[in-house]
Amino acid sequence: MRDMAPQRVAIIGAGASGLCALKCCLDEGLEPTCFERSKDIGGLWRFEENPEDGRASIYRSVIINTSKEMMCFSDFPIPEDFPNYMHNSKIMEYFRMYAQHFDLLRHIRFRTSVCRVSKRPDFATTGQWEVVTESEGKQEAAVFDAVLVCSGHHTDAHLPLNTFPGLEKFEGSYLHSRDYKSPQPFSGKRVVVVGTGNSGIDIAVELSHTAKQVFLSTKRGTWVLHRVADRGYPFDFSYLNRFSHFRTSLLPQNITNFFMERKMNARFDHRLYGLKPQHRIFDQHPTVNDDLPNRIISGRDTASPSLSSRSV
């Protein structure tokens, strides 16, 4: 009996998800082809001074909020000499080691954009897809048995300028965090950072070392978790485990919220620092930062729930 040809799989994006998807397809005896629109692997974690259209962009100092014990690929541990929380350059180093170890690069077509993915006319019986790609100005169509979309979700900047009345009269400059790269251009200036997500707080803390004053504007506040937990162990490594999950599953969410919020406030009272949220700690994605309380208590950052452009 003639062996069936391996199923062909198209993978869109060669970032963290695309790389492990590529490796898993090879493990299963499939025939994957990964399409990456840029010149290199890494996706979000590859720092570029000038943001590329259609690709997520980070600032130079970004350090991951997940410890290496929790973020590593299960079949390729991160080297012991790497720090628990890695700078983006170390993450890229790890991705390159992973890609080389499993011989992934030969399955990636760089500088190739996916223009269209559509079902074939006989999709009901074959389940096949037509994928149209473009490279060096030339388009090419190919048929695949499956498509894995690994392009991420931080590619487009959300900048709702219409929600800032009077911005057209503002004499200063403004930008989205996607376009922020380093604090040097803000030296000696008064800066407002709108939003207390991970990027907003990271940038506010970094700017506080060079700017004249940093105002951190937040509508709803946020719970600030720290990377370093009891006895110096990584926070997620200490609390995201089977025992903690089992204990949490036995208790009502109000109780687990109460105990975790009490622990966070034991480190610093969020109300005294102008950050007390309107939501419970497990109701929204928390923010992770070790330095914010120190910058607020030293007067370098100022948290404000109702900051307007007139204030600065």
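**Close-up views of a predicted model**

**View 1. Helix 8 and its two sides.** On the face of helix 8 turned away from its buried side, we meet the exposed residues N254, R262 and A266. Please keep in mind as you look around that this is a predicted model. Helix 8 runs over residues 253–267, 15 residues in total, and it reaches 22 Å from its first C-alpha to its last. That is close to the 21 Å expected at 1.5 Å a residue. Which residues of helix 8 are buried? They are T256, N257, M260, E261 and M264. Seen down the axis of helix 8, these buried residues fall within an arc of 125°, so they line one face of the helix. A general rule helps here: an α-helix has 3.6 residues a turn, so residues three or four places apart point the same way.

**View 2. What helix 8 packs against.** The buried residues of helix 8 have three partners to look for: strand 10 (224–225), helix 6 (235–239) and helix 7 (242–250). We come back to helix 6 in View 4.

**View 3. Y59 and Y180, an aromatic pair.** How many aromatic pairs does the structure hold? There are 15 of them, and this view picks out one. The ring centres of Y59 and Y180 are 5.8 Å apart and the ring planes are at 65°, so the pair is edge-to-face. The pair links distant parts of the chain, as 121 residues separate Y59 from Y180. To find Y59, go to the loop between strand 2 (31–35) and helix 2 (68–71). For Y180, go to the loop between strand 7 (146–149) and strand 8 (190–194). Both Y59 and Y180 are buried.

**View 4. A tilted pair within helix 6.** The rings of F235 and Y239 have their centres 4.8 Å apart, with their planes at 35°, so this pair is tilted. Both residues belong to helix 6, where they lie 4 residues apart, about one turn of the helix. F235 has 10% relative accessibility and counts as buried.

**View 5. An aromatic cluster, and charges over rings.** Six names to spot here: F73, F76, Y94, F95, Y98 and F102 form one aromatic cluster. F102 also has a charged partner, as the charged end of K23 sits over the ring of F102, 4.7 Å from its centre. A similar arrangement involves R8, whose charged end sits over the ring of F144, 4.6 Å from the ring centre.

**View 6. Cysteines without a disulfide.** How many disulfides does the count come to? The count is 0. C25, for one, is in no disulfide, and the nearest cysteine sulfur, that of C24, is 7.2 Å away. C25 is buried, at 6% relative accessibility. Why is C72 not bonded to C20? The closest cysteine sulfur to that of C72 is in C20, and at 12 Å it is too far for a bond. C72 itself is partly exposed, with a relative accessible area of 24%.

**View 7. Two loop residues with positive phi.** E136 has a phi near 55°, a positive value in a residue other than glycine. Look for E136 in the loop between strand 5 (129–135) and strand 6 (138–144), where E136 is exposed, with a relative accessible area of 78%. R231 is not a glycine either, yet its phi is positive, about 65°. The place to find R231 is the loop between strand 10 and helix 6. R231 is exposed, with a relative accessible area of 77%.

Conventions
Residues numbered from 1 in each chain as written. Predicted model: local features only at pLDDT ≥ 70, side-chain atom pairs only at ≥ 80, totals over all residues. Heavy atoms only, no water. Expected span 1.5 Å × (residues − 1). Buried < 20%, exposed > 50% of the residue type's maximum accessible area, 1.4 Å probe, protein only. Arc of directions from axis to C-beta. Contact = heavy atoms within 4.5 Å. Disulfide = S-S within 2.5 Å. Phe/Tyr/Trp six-rings, centres within 6.5 Å; stacked < 30°, edge-to-face > 60°. Lys NZ or Arg CZ within 6 Å of the ring centre and 35° of its normal.
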